[in-house]
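Biologist: Could you walk me through this one? I'm new to reading structures, so let's take it piece by piece.

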Amino acid sequence: MNAIDIINKTKRSVILSDDEINWLVKSYTEGDIPDYQMSAWLMAVRLNGLTEQETISLTYAMRDSGDIMRLNVGKTADKHSTGGVGDKTSLIIGPIVASCGVCMAKMSGRGLGHTGGTIDKLESISGFRTELPISEFEEILRENKFAIISQSGELCPADKKMYDLRNATGTVDSIPLIAASIMSKKLSVNADYLLLDVKYGSGAFMKTKDEAEKLAAIMEKIGIAAGKKCKAIVTDMDTPLGRNIGNSLEVREAIEILQGKYKGKLYDLCIELSAEILRLADKGDYQECVAMAEEAVSSGKALEVFRNTIRLQGGDPKVCDDVELLPQARSKYEVRTVQDMEILKINCEEIGMTSLLLGAGRINKGDPIDMSAGVVMNIEPGDKVSAGDTLLTLYSSVCSDFSDAAVRALNAIDFESLNCHKPLT
Ligand code: URA
């Protein structure tokens with residue numbers, strides 16, 4: 001076999017065999033195929049796509065490039081979100097599902113660009129350790145049924161290499177490549193029940209619902225083909241999820257949801273996703289699972305699981321009773337309106353970028369982040385606000401001048417004036 005034949009086949013939409021795909025991925029991972037040939041193949045895929053079977057074979061080849069986790073804790077569930085702004089659902093769903101008796105063994109990543117990462121969020125809790133040996137991860141799961149660690153071992157080295165190359169060659173936005181990239185990592189974590197939350201909208205990879213549905217369908221097929229109980233659902237990421245964006249701010253909101261303080265879209269989505277996982281784990285029909293998830297919050301059982309996870313992973317569990325113990329920003333800035341208006345739309349990606357400007361995210365891997373920084377939204381589409389109302393509050397410990405971030409946040413808001421056309425402050 002050689003790379004040129006394989007590139008030519010995909011260029012002409014000739015279907016590749018499993019052996020060809022395996023050879024390509026293995027040879028590239030081991031350094032026997034240079035970046036320029038793999039880039040050419042990736043671009044051929046970006047332009048011509050892959051068949052369902054080719055996508056499944058690519059996923060398996062990428063999964064098999066590294067370790068596959070085998071936890072000794074019985075059946076486990078995993079949930080994956082394709083990412084967005086303000087998505088703290090793992091911090092809420094994990095405790096809910098675990099308190100209903102299903103083990104959630106989560107391996108999560110750090111934030112990059114405008115999207116946040118669960119590991120960064122958890123590390124805003126003083127002392128919280130996310131790099132645990134697998135034996136300790138298993139112990140915590142046996143005791144508490146919910147633990148989260150950062151990626152460990154050599155999981156999917158092929159994806160790491162291919163993802164970096166895709167980033168540099170304009171080949172990220174390809175449904176088969178995204179599906180294979182995400183699913184190879186999920187299959188190497190190897191949970192029995194897998195819920196995939198595929199996002200669409202201004203803050204997501206997939207800008208339209210139609211694209212998200214295509215991605216969801218192929219990801220679900222890959223999971224089922226690999227013998228998992230797997231379901232993919234498509235949810236909206238056109239508006240930031242919940243009120244808070246930024247690491248400690250998001251932990252705060254997750255705790256407040258688990259305390260039963262707030263209902264609304266974020267709560268509803270977490271109940272829906274939890275119920276889907278419980279259903280995959282045969283805990284009942286959908287309505288029974290919704291009731292179970294709601295009871296886990298209202299009874300305080302889910303919060304108790306989260307408190308235990310924090311304690312067992314070295315963090316300060318008192319944050320579950322007093323969210324003021326989480327890192328607090330040194331400065332804040334309230335963005336107000338000087339006119340009455342109706343909020344039409346909030347550009348999710350721009351709010352994520354505002355949070356990044358305030359110090360909450362990283363532009364390059366390894367950049368330091370300000371755990372206290374971020375944005376708290378007082379508005380959502382459809383709200384009517386009056387002159388003088390605060391639209392959002394910006395928080396930062398590293399930013400002394402909030403003007404750039406305030407302009408960016410204001411530009412993210414689409415509104416209709418309800419009186420004269422006065423400028424915003
Ligand atoms: N997330 C991934 O892990 N891979 C992709 O290709 C896109 C999003």
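Biologist: Which helices do the buried residues of helix 13 pack against?

Modeller: Keep in mind that this is a predicted model. In helix 13, the buried residues are C289, V290, A293, A296 and V297. Their packing partners are helix 5 (89–99), helix 11 (247–258), helix 12 (265–280) and helix 14 (301–312).

Biologist: Within what arc do the buried residues of helix 13 fall, seen down its axis?

Modeller: An α-helix has 3.6 residues a turn, so residues three or four places apart point the same way. The face turned away from the buried side of helix 13 carries the exposed residues Q287 and S298. The buried residues line one face of the helix, because looking down the axis of helix 13 they fall within an arc of 120°.

Biologist: Which residue caps the N-terminal end of helix 13?

Modeller: Helix 13 covers residues 286–298. Check the backbone nitrogen of Q287: a side-chain oxygen lies 3.2 Å from it, and that oxygen belongs to the capping residue, D285.

Biologist: Is T82 buried or exposed?

Modeller: You'll find T82 in the loop between strand 1 (76–81) and helix 5. Among the residues it touches are I182, F205, L215 and M219. Buried means under 20% relative accessible area. T82 has 12% relative accessibility, so it counts as buried.

Biologist: Which backbone nitrogen does the side chain of T82 reach?

Modeller: T82 touches D197, V198 and K199, among others. The polar partner sits at 2.9 Å from the T82 side chain, and it is the backbone nitrogen of K199.

Biologist: Which helix gives the most to the largest nonpolar core?

Modeller: In soluble globular proteins, nonpolar side chains tend to be buried together. Here the largest nonpolar core has 78 residues, and I96, L391, L392 and L394 have the most contacts inside it. The top contributor to this core, with 10 residues, is helix 12.

Biologist: From which domains does this core draw at least three residues each?

Modeller: The chain is divided into domain 1 (3–49), domain 2 (76–152 + 186–320) and domain 3 (328–416). At least three residues of the core come from each of domain 2 and domain 3.

Biologist: And how many residues of domain 3 are in contact with domain 2?

Modeller: The centres of domain 2 and domain 3, taken over C-alpha atoms, are separated by 25 Å. On the domain 2 side, 25 residues take part in the contact; on the domain 3 side, the number is 29.

Key:
Residues are numbered from 1 along each chain as its sequence is written. This is a predicted model: local features need pLDDT of at least 70, side-chain atom pairs count only at pLDDT 80 or more; totals for chains, interfaces and linings use all residues. Side-chain values use heavy atoms; hydrogens and water are left out. Helices (H or I, at least four residues) and strands (E, at least two) are DSSP runs, numbered from the N terminus. The expected span of a helix is 1.5 Å times one less than its number of residues. Buried means under 20% relative accessible area, exposed over 50%, partly exposed in between (1.4 Å probe, protein chains only). The arc is that of the directions from the helix axis to the C-beta atoms. Contact means heavy atoms within 4.5 Å. A polar contact is a pair of N or O atoms within 3.5 Å; within protein, one must be able to donate a hydrogen and the other to accept it, and residues adjacent in sequence count only if both atoms are side-chain atoms. A nonpolar core is a set of buried Ala, Val, Leu, Ile, Met, Phe, Trp, Tyr and Cys residues joined through side-chain atoms within 4.5 Å. Domain bounds come from an automatic or database domain assignment.
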